[in-house]
Structures are given as C-alpha cells and as structure tokens.
Amino acid sequence: MAQAPAELITALNAPDPADRLKAAARAGALIESGEITRVASDEVNNHIHTIYSFSPYSPALAAFKAWEAGLKAVGSMDHDSVAAAMEMHAAGKAIGIATTAGCEVRVNLTGTALEGRKVNNPDSANIAYIALHGIPDGRLDEVAEFLKPINAARNRRNREQVEGLNRLLRGTGLSPLDFDKDVLAISKAEEGGGVTERHILYALAKRIIETAGKGQGTIEFLKKRLGLTLPQKVEVFLADRENPHYAYDLLGVMKSAFLPRFFIQPDESECVPVAEAIQLADRIGAIAAYAYLGDVAESPTGDKKAEKFEDDFLDELIIELKRIGFKAVTYMPPRNTKAQLARLSKLCRENSLMEISGVDINSSRQSFTCPEVMDPDFSHLIRATWALIAHERLATADGRYALFSGENPWRDENLAARIERYARYGSAMDPRDPEGIVAMLDTKERTE
C-alpha cells in the first residue's frame with residue numbers, strides 16, 4: 001500500500017479551506033495515478049466530527065483519512081454546525097469517496113411523554129441528542145441560520161463555565177483561562193463552527209502541559225492539585241512524553257473526572273423544543289434521527305461508566321419517537337451489545353423507523369475503521385448509508401426525491417423497499433460524480 005506523503009496530510013489540514021481543497025485535488029490525482037493506494041472494504045461511517053465542532057480533522061482530511069482506511073462512504077456530523085458539509089462533499093468528489101452531511105443538536109422534551117426523563121444525554125434529564133441526517137446542499141444555509149441562536153446561547157453558558165473553572169483553578173498554580181483568547185480562538189466559531197465543552201477542556205489541557213510539563217509533571221498536577229484519580233491506562237499514556245495524542249488523552253480524563261465540577265446545565269434557549277427541530281428537518285428534506293445510547297453495564301468500548309439510559313422503557317420510547325415525528329434512529333454498533341441492538345432494530349422495523357449507523361470520531365487516537373460495523377448482522381446499516389447518500393443527492397436535485405417527502409414518487413412503498421431502492425442508486429453512484437445519480441433514474445421514474 002502506497003501512503004500519502006506527510007506534506008499532503010499537512011496540506012489537507014491547512015488553516016484555509018481553499019488550500020485544503022487544493023490538497024484534496026492533489027490527493028485525488030495521486031490516487032487516480034496509483035501513487036497512493038489502499039485496501040478497500042465495504043465499511044462506511046456517517047458520524048465524523050471535524051474542526052467545526054471538535055476534532056483534529058478538517059473536512060478534507062477526514063474524507064481522505066476515511067478513504068485511506070478503506071471506507072467507501074463518510075459523513076460529517078458536527079455539534080450545532082453544518083460548516084463542514086460543502087468541503088466534505090468537494091473533498092469526497094476529488095478523492096473518490098461518497099459523502100453525506102448532517103449535524104447534531106440537543107433538544108428539550110417538554111410537552112412529550114418523555115418530559116423530565118433522562119434519555120440519551122449523560123449530563124442532563126429532559127434533553128436529548130438528535131441528528132439531522134442527509135441535509136440537501138441547497139438547505140444548508142437554512143440550517144446554519146437555525147443554529148445561530150443556539151450557538152449564541154451555548155457560548156453564553158460556555159463563558160459562565162470558564163468563569164466557574166477559573167474559580168476552581170485558584171491556588172493550583174495555573175493562570176486563569178480567557179474565553180475569547182484561549183477557548184474561542186481554538187474553535188471555528190467565526191466560520192460557523194460550534195464551541196463545546198471539549199474546547200474548554202482542550203484549552204485547559206494545553207495550560208496544564210505548559211505549566212506542569214508532560215510526563216510526571218502533569219500526572220502529579222492532576223493528582224495533587226486537582227485531586228483526580230487516574231485510571232492506570234491513562235496514567236501510562238500521560239507518563240509518555242512522546243505520546244502524539246497527549247493533549248487528547250489529557251482532555252479525556254478531564255472530561256470524565258473534572259468537567260462535572262464546573263458544568264452548567266443548558267437551558268431551553270440552547271436546547272430547542274424537539275418539535276421545532278423535527279419541523280426544520282421535514283421542511284428542508286433532511287432526516288431527523290434520535291441517537292440511541294443504551295444502558296451501559298460493561299462498556300464494549302471501555303470508555304463509558306456503568307449507567308442506565310433508555311433500555312428500561314425502550315418500547316415506550318420508540319412509540320413516542322414515532323409520534324413526535326422522528327423518521328430514524330441512529331446508533332453506534334461498537335457501543336452496545338448485540339442483544340441491545342437486536343431489540344432496538346426489531347422495534348425500529350415494527351414502527352417504520354429508518355436505522356442509521358455511525359461511529360463517533362473526534363480524537364486523533366481513534367481509528368477510522370471499526371470492525372464491528374462489518375459484522376453481517378449489521379449489513380442493513382451499510383445499505384441504509386447508501387440509501388441516505390442517494391436521498392441527499394437526489395433531494396439536492398429535486399426536493400420531491402427526499403426519502404420521506406410527501407411528494408416522493410415511491411411514497412406508497414413500505415420503508416424497507418424504499419430504502420433498498422435508494423441503496424441501489426447510492427451504491428451504484430460514481431463518488432467522483434455524485435450529481436450523476438439523477439441520470440440513473442429512468443424516464444418513467446423522473447416523471448412519476
């Protein structure tokens with residue numbers, strides 16, 4: 001396998017989006033000429049975070065890393081932001097990997113049968129994470145406008161959280177963080193990106209490293225100044241001064257052990273009513289998906305504490321999601337047991353909810369490949385990704401072709417048949433010419 005030169009990887013992550021797309025074009029040319037090769041698989045991933053929420057990857061680099069890892073399709077999924085979408089699409093066309101775009105938002109459940117319950121948000125009751133999948137290109141600006149007041153509210157809370165963090169840091173030897181200079185400055189807020197608690201924690205991690213030094217200095221600071229207990233694996237990571245993922249490993253332990261000390265619950269100005277988010281999705285031809293978390297006893301991924309979420313009332317939850325207007329449920333196969341996902345899948349089929357998968361990538365330590373996704377039991381999720389991609393490309397060309405549009409020419413087909421129809425189009429599409437998918441519809445289909 002012939003790998004990409006290091007300077008190309010750097011260029012794919014350049015500060016300027018135009019430079020990143022030039023690098024993607026170079027990468028595509030090298031791929032076409034056979035100077036960069038890979039071992040391809042049928043794997044797909046719809047849930048890659050980029051620099052527009054929190055991640056070490058620009059949309060262009062994320063698309064390339066996914067291609068390099070053998071994936072055939074990749075999707076951007078940022079918190080409160082769709083700023084990655086068009087760059088991901090353009091980079092995918094250049095590189096030769098199919099792409100899809102969405103965003104994660106948090107909604108409040110007031111007025112639903114789920115009001116007051118803890119569902120899929122580990123930090124908050126009555127608030128749920130949802131994904132807007134398959135956003136047509138021409139409606140991205142509308143989503144960005146919808147997200148502006150949400151991000152403004154979030155940043156008001158972020159400022160308050162930084163103030164709370166600074167109170168905790170008094171007497172530790174760390175100088176206080178400045179929200180604008182230390183947190184906002186490392187985000188892509190000016191380009192439409194979201195700012196999350198991870199940005200605050202990354203700024204804190206940098207300050208700790210600068211002050212205490214990597215290795216034992218940081219370990220001692222965490223234990224003696226902040227009173228944290230470190231898992232043995234994390235302590236090994238932090239003891240290694242040459243660890244290329246050092247700041248991300250430090251961020252991870254701070255997220256689980258220190259963030260709760262200054263975390264402020266979001267309010268309803270930041271987490272809109274669930275009906276508003278679903279109405280937006282329906283209006284623009286996107287697919288509103290509830291993000292299933294599932295109870296954790298012993299986490300398959302090893303990074304979650306034992307905790308209960310939706311499983312005790314899953315039947316009731318799915319029925320209510322359908323009533324509220326969700327069109328899909330999204331989940332991550334590595335996170336849950338097969339028994340959990342078999343139960344969930346059965347309920348989705350019974351309630352005509354599309355199943356969408358994705359593996360959350362937001363750290364340099366994570367691999368872009370996920371063996372669990374390739375389990376034959378999850379083959380329907382790969383087909384669903386191709387249906388999602390076809391939905392997005394066709395709805396971009398003509399809103400009637402949105403998978404759940406009331407004007408869809410195949411609206412009378414059952415959901416499984418419609419998904420399979422779209423999956424055939426998506427999987428046959430040339431990723432270097434995704435607009436060409438429209439020509440795949442025969443004359444009868446285009447006029448029905």
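**Helix packing and a pocket in a predicted model**

Let me start at helix α8, residues 216–225, and helix α9, residues 232–239, which pack at about 140 degrees with their axes 8 Å apart. This is a predicted model, so please take the values as computed from it. An angle over 145 degrees would count as roughly antiparallel; at about 140 degrees, α8 and α9 are therefore oblique to each other. Their crossing is right-handed. On the α8 side the contact is made by Gln216, Ile219, Leu222 and Lys223, and on the α9 side by Glu235, Leu238 and Ala239. By class that gives 4 nonpolar residues, 1 polar and 2 charged.

Next, α3 and α4. Helix α3 covers residues 59–68 and helix α4 covers residues 85–95; the angle between them is about 40 degrees, and the axes are 8 Å apart. Roughly parallel would need an angle under 35 degrees, so this pair, too, is described as oblique. The crossing of α3 past α4 is right-handed. From α3, the residues in contact are Pro59, Ala60, Ala62, Ala63, Phe64 and Trp67. From α4, they are Glu87, Met88, Ala91, Gly92 and Ile95. The classes here are 9 nonpolar, 1 polar and 1 charged.

The third pair is α7 and α10. Helix α10 runs over residues 246–257, and α7 packs on α10 at about 115 degrees with 9 Å between the axes. Again the crossing is right-handed. What does α7 bring to the contact? Arg198, Leu201, Tyr202, Leu204, Ala205, Ile208 and Ile209. Facing them from α10 are Tyr246, Ala247, Tyr248, Leu250, Leu251, Met254 and Lys255. In this contact 12 residues are nonpolar, none is polar and 2 are charged.

Now to the pocket. The second largest pocket has a volume of about 360 Å³. Its lining has 19 residues, and those closest to the centre are Ser81, Val82, Ala83, Ala144 and Gly192. Which elements give two or more residues to this lining? They are α4 and α5, the latter being residues 140–169. The largest share, 9 residues, comes from α5. By class the lining of the second largest pocket splits into 9 nonpolar, 5 polar and 5 charged residues. Helix α4 thus appears twice in this talk: in the contact with α3 and in the lining of the second largest pocket.

Last, one residue in a loop. Lys188 sits between α6, residues 179–183, and α7, residues 197–212. Leaving aside residues up to four places away in sequence, Lys188 touches Pro15, Ile51, Tyr52 and Gly193. Where is Lys188 relative to Ser81? The two are 107 residues apart along the chain, and their C-alpha atoms are separated by 9.9 Å. Ser81 came up a moment ago among the residues closest to the centre of the second largest pocket.

To recap the crossings: right-handed for α8 with α9, right-handed for α3 with α4, and right-handed for α7 with α10. That is what I have.

How values were computed
Residues are numbered from 1 along each chain as its sequence is written. This is a predicted model: local features need pLDDT of at least 70, side-chain atom pairs count only at pLDDT 80 or more; totals for chains, interfaces and linings use all residues. Side-chain values use heavy atoms; hydrogens and water are left out. Axes are lines fitted to C-alpha atoms, for helices over the stretch in contact, and angles run from 0 to 180 degrees between N-to-C directions. Helices (H or I, at least four residues) and strands (E, at least two) are DSSP runs, numbered from the N terminus. Angles under 35 degrees count as roughly parallel, over 145 as roughly antiparallel, 65 to 115 as roughly perpendicular and the rest as oblique. A crossing is left-handed if the near helix is turned anticlockwise from the far one by less than a right angle, and right-handed if clockwise. Contact means heavy atoms within 4.5 Å. Ala, Val, Leu, Ile, Met, Phe, Trp, Tyr, Cys and Pro count as nonpolar, Asp, Glu, Lys and Arg as charged, and the others, Gly among them, as polar. On a 1 Å grid over the protein atoms alone, a cavity is a set of points where a 1.4 Å probe fits but cannot get out, and a pocket is an open set with protein on both sides within 12 Å along at least five of seven lines; lining residues have an atom within 4 Å of a point. Grid points are joined across faces, edges and corners, and a volume is the space filled by probe spheres set on the points.
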